[in-house]
Every structure is written in C-alpha cells, then in structure tokens.
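User: I'm new to this one and would like to know how the labels on it are earned. Could you walk me through it?

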Amino acid sequence: MEFFFKKKGLRVRVAALIRNRKGEILLLQQKKKDSYYWLLPGGGIEFGESAEEALKRELKEELFLDVTSSNFLLLNESIDPKGDRHLIQLIFLTSVKKQDPEVNSKEKAITGYGYFPVAAIKEMDIRPDIKSYLIAGKFKPSPYLRSNWVYEK
C-alpha cells in the first residue's frame, strides 16, 4: 500500500493555524529546489498515527512547541496541474504553551518563520494556496469525527 501512495505522489499532511496575542498567524518559510514559499507549520502523518498525534509530533520535532489544544478547522485538497502530486491537508486551530518557536537545526527545509498580519499574508506565496481562507479570518471549528477503534490501545 505504501508503494502505491509514494508512486502516485499522494501526501496527507496536518497543519497548525497558530495565532499570537495580536491575532497574527504563524507561518514557516521553506525552500525547495530554487523556490521560497510560506506554509502553516506541520507535516506528514505516519501510518498508524492519528492526525492529532501527528500534529503534536510535528510541532514538537520541528519547532519545540507543545500543543495545549487543537480543534479541526478544515480539509484542504491540492492537486498539481501536472498530476505529479496530490496533497490532502488537515488544518487545526492550535494553541501552544509558548508562542515563540525555535526551529530545530535538523530541519534544513525551514529557512525562516514569523507571525504575520492579514495585510502581509495578502502579498505572500502561501502553499498550498489557502490565502483566501487566512485573509477571511473566520476560524470556526468543524466536526472532526474520531473512530473509537483508533483509540483502543
């Protein structure tokens, strides 16, 4: 099964929408190939890991942030026009213990970070492109149904 997903370029990612006291949104800058862009912090879900577990792990590994709460906001789907990549992103409104992240030195793709107001986000290259959602600023939790058998351990 893993071969199928890698071959087709399907990726399932969790992302945290974290706001500071001013309501600004935390974004990470990444460099891939010769391109710089911004995205919400997060990363891939590992097989057998719940989305919430992946969110906590990714924020801890990449930014040394501890999640205090997370509420599901939306599912964002992006398909590369060339058909090479397919991304499903689960975005959670997330609160963390401390507001200031520290980028893990092992994270070579992360080249910067910051909290940004909506005015700045309008001008940024956000990937996947959820700019209109971020600018609208209506972050209301949506239903997130957990399967009981996932939590039976």
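User: How do you know that tryptophan 38 is buried or exposed?

Analyst: Tryptophan 38 has a relative accessible area of 16%. Buried means under 20%, exposed means over 50%, and partly exposed is in between, with a 1.4 Å probe and protein chains only. So tryptophan 38 counts as buried. Before we go on: this is a predicted model, where local features need pLDDT of at least 70, side-chain atom pairs count only at pLDDT 80 or more, and totals for chains, interfaces and linings use all residues. Residues are numbered from 1 along each chain as its sequence is written, and side-chain values use heavy atoms, with hydrogens and water left out.

User: What makes tryptophan 38 and phenylalanine 116 an edge-to-face pair?

Analyst: Rings of Phe, Tyr and Trp (its six-membered ring) pair if their centres lie within 6.5 Å; planes under 30 degrees apart are stacked, over 60 edge-to-face, and the rest tilted. Here the centres are 4.9 Å apart and the planes sit at 70 degrees, so the pair is edge-to-face. Tryptophan 38 is in strand E3 and phenylalanine 116 in strand E7, 78 residues apart, so the pair links distant parts of the chain. Strands are DSSP runs of E with at least two residues, helices are runs of H or I with at least four, and both are numbered from the N terminus. Phenylalanine 116, at 19% relative accessible area, is buried.

User: Which other pair is edge-to-face?

Analyst: Phenylalanine 92 and tyrosine 144 are, at 5.3 Å centre to centre and 80 degrees between the planes. Phenylalanine 92 belongs to strand E6, while tyrosine 144 is in the loop between helix H4 (131–136) and helix H5 (148–151), 52 residues away. Phenylalanine 92 has 0% relative accessibility, so it counts as buried; tyrosine 144 has 24%, so it counts as partly exposed. Ring pairs also link Phe72, Phe92 and Tyr144 into a cluster, and the structure holds 5 aromatic pairs.

User: How do you know that the length of helix H2 agrees with what is expected?

Analyst: The expected span is 1.5 Å times one less than the number of residues. Helix H2 (residues 51–63) has 13 residues and should span 18 Å; its end C-alpha atoms are 18 Å apart, so the two agree. Right after H2 comes phenylalanine 64, whose phi is positive, near 55 degrees. Buried residues of H2 include Ala51, Leu55, Leu59 and Leu63.

User: What makes a group of residues a nonpolar core?

Analyst: It's a set of buried Ala, Val, Leu, Ile, Met, Phe, Trp, Tyr and Cys residues joined through side-chain atoms within 4.5 Å. The largest core has 20 residues, and Val14, Ile18, Leu59, Leu65 and Phe92 touch the most other members. H2 gives the largest share, 5 residues. A second, separate core of 17 residues includes Ala15, Ile25, Leu40 and Leu73.

User: What makes an empty space a cavity, and how many cavities of 30 Å³ or more are there?

Analyst: On a 1 Å grid over the protein atoms alone, a cavity is a set of points where a 1.4 Å probe fits but cannot get out; lining residues have an atom within 4 Å of a point. By this rule the count is 1 cavity of 30 Å³ or more. The largest cavity holds about 30 Å³ of space, and its lining includes Arg13, Leu28, Gln30 and Ile110.

Definitions and conventions: On a 1 Å grid over the protein atoms alone, a cavity is a set of points where a 1.4 Å probe fits but cannot get out, and a pocket is an open set with protein on both sides within 12 Å along at least five of seven lines; lining residues have an atom within 4 Å of a point. Grid points are joined across faces, edges and corners, and a volume is the space filled by probe spheres set on the points.
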